[in-house]
Amino acid sequence: MKAPRDHGGGLDAAIAEYGGTRADWLDLSTGINPVPYPLPDLAPHAWNALPDQAAQAKLIQRARAFWNVPDAAAVLPIPGASAAIAQLPRLGKAGQVSIPGPTYNEHGAAFRAAGWTLVDDASDAIVAVHPNNPDGMVWQADQITADLSIIDESFCDVMPEASLIRLSARPGTIVLKSFGKFWGLAGLRLGFAIGDPAIIADLAEALGPWPVSGPALSIGAEALADPMWADETCARLTKDAQRLDDLLIAQGAIVKGGTSLFRLYQVEDAAAAQAHLAQSHIWSRIFPYATDWLRLGLPPPDRWDQIEGAF
């Protein structure tokens with residue numbers, strides 16, 4: 001069995017090393033909205049019946065409206081963006097792919113596993129994580145020109161004005177959306193692949209019937225029909241990200257980038273900073289390729305005193 005790739009989360013390991021219970025810990029190692037969308041009441045059939053086409057069609061319709069999806073692009077609900085990340089490289093003939101980084105490492109792992117060669121500049125395929133994780137870099141449309149262009153917008157809902165969803169009408173282009181991060185419901189395992197109808201059809205075939213649960217279809221449809229919640233959430237996240245920056249800057253950290261769902265800081269020793277925060281039961285993210293990078297998500301409104309008291 002292969003060793004797991006480096007990711008945020010893993011709070012159980014932190015608890016085993018530093019003690020405490022899950023309720024004691026503030027997990028800032030991921031970029032998940034700490035104030036999730038309020039769960040609506042669900043009809044019993046969402047739980048006890050196979051998901052039907054009407055529920056999926058409703059979700060697709062609301063996704064199109066929320067993201068202003070071009071008519072020429074197809075929309076496929078999927079069980080988290082990671083499902084598409086794993087499958088897309090397997091849908092066509094392997095070639096050369098460019099995945100500028102450092103970035104989310106599952107893209108490179110999926111392409112390697114499917115026989116692709118990773119190069120700095122490729123015309124066969126490109127993966128553009130937009131905005132990038134962990135530094136928040138944003139892409140421009142003229143930078144994404146490969147035959148197969150995957151635009152990962154998992155964190156883009158905090159900056160909707162920057163979305164490249166219009167490119168989903170281009171042949172060979174797929175835009176990925178994550179529901180769990182912005183709406184704070186990562187355990188729901190819901191995402192979207194939007195783009196070239198031929199590729200979307202192949203992806204749907206690869207994922208099989210009923211890839212998205214009934215509860216996820218229902219909750220996603222409710223959330224995507226609530227733009228006021230989204231606007232208020234963007235405003236709150238922006239304010240809280242600045243508050244976190246101010247706190248870390250006061251401790252000598254340098255802001256390297258990020259989004260309003262996660263912040264990236266340069267510190268003298270990231271591993272030491274992570275261990276220091278863990279003593280206060282705060283879990284953070286460090287990176288094997290940058291020993292001075294520390295990434296923090298945002299705390300929920302009632303837990304700011306925990307991180308402020310850790311310094």
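Which residue caps the N-terminal end of H7? The legends below take up this end of the helix, then its buried side and the whole protein.

**View 1. The N-terminal cap of helix H7 in a predicted model.** Asp-196 caps this end of the helix. One of its side-chain oxygens lies 2.9 Å from the backbone nitrogen of Ala-198. The helix itself covers residues 197–207.

**View 2. The buried residues of H7.** Ile-199, Ile-200 and Leu-203 are the buried residues of this helix. They cover an arc of only 100° around the axis, which puts them on the same side of H7.

**View 3. What covers the buried residues of H7.** The cover includes one helix, H4 (81–87). Strands contribute too, including E2 (74–78) and E6 (148–152). Strands E7 (173–178) and E8 (191–195) also belong to the cover.

**View 4. The residue after H7.** Gly-208 follows the helix. Its phi is positive, near 80°.

**View 5. The setting: the whole protein.** The predicted fold has 11 helices and 13 strands. Its C-alpha trace spans about 50 × 50 × 40 Å along the principal axes. The radius of gyration is 20 Å, which agrees with the value near 19 Å for a compact globule of 311 residues. Of the 311 residues, 50% count as buried. Among contacts with a separation of 6 or more, 66% join residues 24 or more positions apart.

**View 6. The exposed surface.** The protein exposes about 14300 Å². Carbon and sulfur atoms supply 53% of that area.

Notes. Residues are numbered from 1 along each chain as its sequence is written. This is a predicted model: local features need pLDDT of at least 70, side-chain atom pairs count only at pLDDT 80 or more; totals for chains, interfaces and linings use all residues. Side-chain values use heavy atoms; hydrogens and water are left out. Buried means under 20% relative accessible area, exposed over 50%, partly exposed in between (1.4 Å probe, protein chains only). Helices (H or I, at least four residues) and strands (E, at least two) are DSSP runs, numbered from the N terminus. The arc is that of the directions from the helix axis to the C-beta atoms. Contact means heavy atoms within 4.5 Å. A polar contact is a pair of N or O atoms within 3.5 Å; within protein, one must be able to donate a hydrogen and the other to accept it, and residues adjacent in sequence count only if both atoms are side-chain atoms. The radius of gyration is taken over C-alpha atoms; the globule rule is 2.2 Å times the number of residues to the power 0.38. Accessible areas come from the Shrake-Rupley method with a 1.4 Å probe; for residues, only the protein chains shown count as cover.
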